[in-house]
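Reader: I'd like to go through the labels on this one and see what each of them rests on. Could you show me the structure, and then I'll ask?

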Amino acid sequence: AAYDAARRREAERLTPHQRQALESLPATGDAHLRAPAGAGKTLWALHRIAEELERGQRALFCARNGALALSACAWVHGRGGDGLLAAFRVLVDPFAAGPRRCARDGRALSLELCDDDDDDD
């Protein structure tokens, strides 16, 4: 169990190249990542999102599927608990349905469509 936990922590660290790219961008604004599969784009994006959430900003993560969206929710929750998760939204197919929030029931995470009142939080 300790070995698995250590491997997970190591896998969540940015490489020096990824860290340099993250630090070279302005503190706010959009970023466009282009790299081959497995290069760490998602991990890089989650680190950038976490920095914004920790500064009190809100974030929207676009995912191709629900599994990736839930994985991103779990990562954000692991990084900052319910506080960060409350300001995190995901957009996942069907995209026209709008953003979803991550709901937590014990250890289980699920995606719920946002209410119109969510923008007032």
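Author: What follows is a run through the disulfide, the strands, the salt bridges and the aromatic pair. Keep in mind that this is a predicted model.

Reader: Okay, cysteines to begin with. What makes Cys73 and Cys102 a disulfide?

Author: Their sulfur atoms are 1.8 Å apart, and the cut-off is 2.5 Å, so the pair qualifies. A search of the whole structure turns up 1 disulfide. The link of Cys73 and Cys102 is left-handed, with -40° about the S-S bond.

Reader: Which parts of the chain does that pair tie together?

Author: Helix α4 (residues 66-86) holds Cys73 and strand β3 (residues 100-105) holds Cys102, so the link ties together parts 29 residues apart in sequence. Cys73 and Cys102 are both buried.

Reader: How do you know that Cys114 is in no disulfide?

Author: The nearest cysteine sulfur belongs to Cys102 and is 9.0 Å away. A disulfide needs the sulfur atoms within 2.5 Å, so Cys114 is left out.

Reader: And why is Cys114 called partly exposed?

Author: Its relative accessibility is 22%. Buried means under 20% and exposed means over 50%, so Cys114 falls in between.

Reader: On to the strands. What makes β1 and β2 a pair?

Author: There are 5 bridges between β1 and strand β2 (residues 88-92). At least two are needed, so they count as paired, and the two run parallel. As an example, Ala63 has Val92 as its bridge partner in β2. Between these strands the chain passes through α4, and this β-α-β crossover is right-handed.

Reader: Which residues of β1 are on the covered face, and which on the uncovered one?

Author: In strand β1 (residues 59-63), Ala59, Phe61 and Ala63 make up the covered face, while Leu60 and Cys62 sit on the uncovered one.

Reader: What about β3 and β4, how do they pair?

Author: They pair in the antiparallel sense, over 6 bridges. Asp105, for instance, has Ala108 as its bridge partner in β4. The two strands form a hairpin with 2 residues between them, and Gly106 in the turn has a positive phi of about 65°.

Reader: Now the charges. Why is the contact of Arg79 and Glu54 called a salt bridge?

Author: Side chains of opposite charge can pair when their charged atoms come close. For Arg79 and Glu54 the N to O distance is 3.1 Å, and the limit is 4 Å, so the label fits. Arg79 is in helix α4 and Glu54 in helix α3 (residues 41-54), 25 residues apart. The whole structure has 6 salt bridges.

Reader: Are Arg79 and Glu54 buried or exposed?

Author: Neither label applies: Arg79 is partly exposed at 34% relative accessible area, and Glu54 is partly exposed at 45%.

Reader: Which salt bridges does Arg101 form?

Author: Its partners include Glu112, at 3.5 Å from N to O, and Asp115, where the closest N and O atoms are 3.7 Å apart. Both distances are within 4 Å, so both count. Asp115 lies in the segment after β4 and Arg101 in strand β3, so that pair ties together parts 14 residues apart in sequence.

Reader: Why is Arg101 called buried, but Glu112 partly exposed?

Author: Arg101 has a relative accessible area of 19%, and buried means under 20%, so Arg101 makes the cut. Glu112 has 35%, so it lands between the limits of 20% and 50%. Asp115 is partly exposed too, at 45%.

Reader: Which residues are linked in a network of salt bridges?

Author: Arg48, Glu52 and Arg55 are linked that way.

Reader: Last one: what makes the pair of Phe61 and Phe88 tilted?

Author: Their ring centres are 6.3 Å apart, and rings pair within 6.5 Å, so they count as a pair. The planes are at 40°; under 30 degrees would be stacked and over 60 edge-to-face, so tilted it is. Phe61 is in strand β1 and Phe88 in strand β2, 27 residues apart. Both rings belong to buried residues, and the search of the whole structure finds 1 aromatic pair.

Methods
Residues are numbered from 1 along each chain as its sequence is written. This is a predicted model: local features need pLDDT of at least 70, side-chain atom pairs count only at pLDDT 80 or more; totals for chains, interfaces and linings use all residues. Side-chain values use heavy atoms; hydrogens and water are left out. Helices (H or I, at least four residues) and strands (E, at least two) are DSSP runs, numbered from the N terminus. Buried means under 20% relative accessible area, exposed over 50%, partly exposed in between (1.4 Å probe, protein chains only). A crossover is right-handed if, with the strands pointing away from the viewer, the path from the first strand over the helix to the second runs clockwise. A salt bridge is a side-chain nitrogen of Lys or Arg within 4 Å of a carboxyl oxygen of Asp or Glu. Rings of Phe, Tyr and Trp (its six-membered ring) pair if their centres lie within 6.5 Å; planes under 30 degrees apart count as stacked, over 60 as edge-to-face and the rest as tilted.
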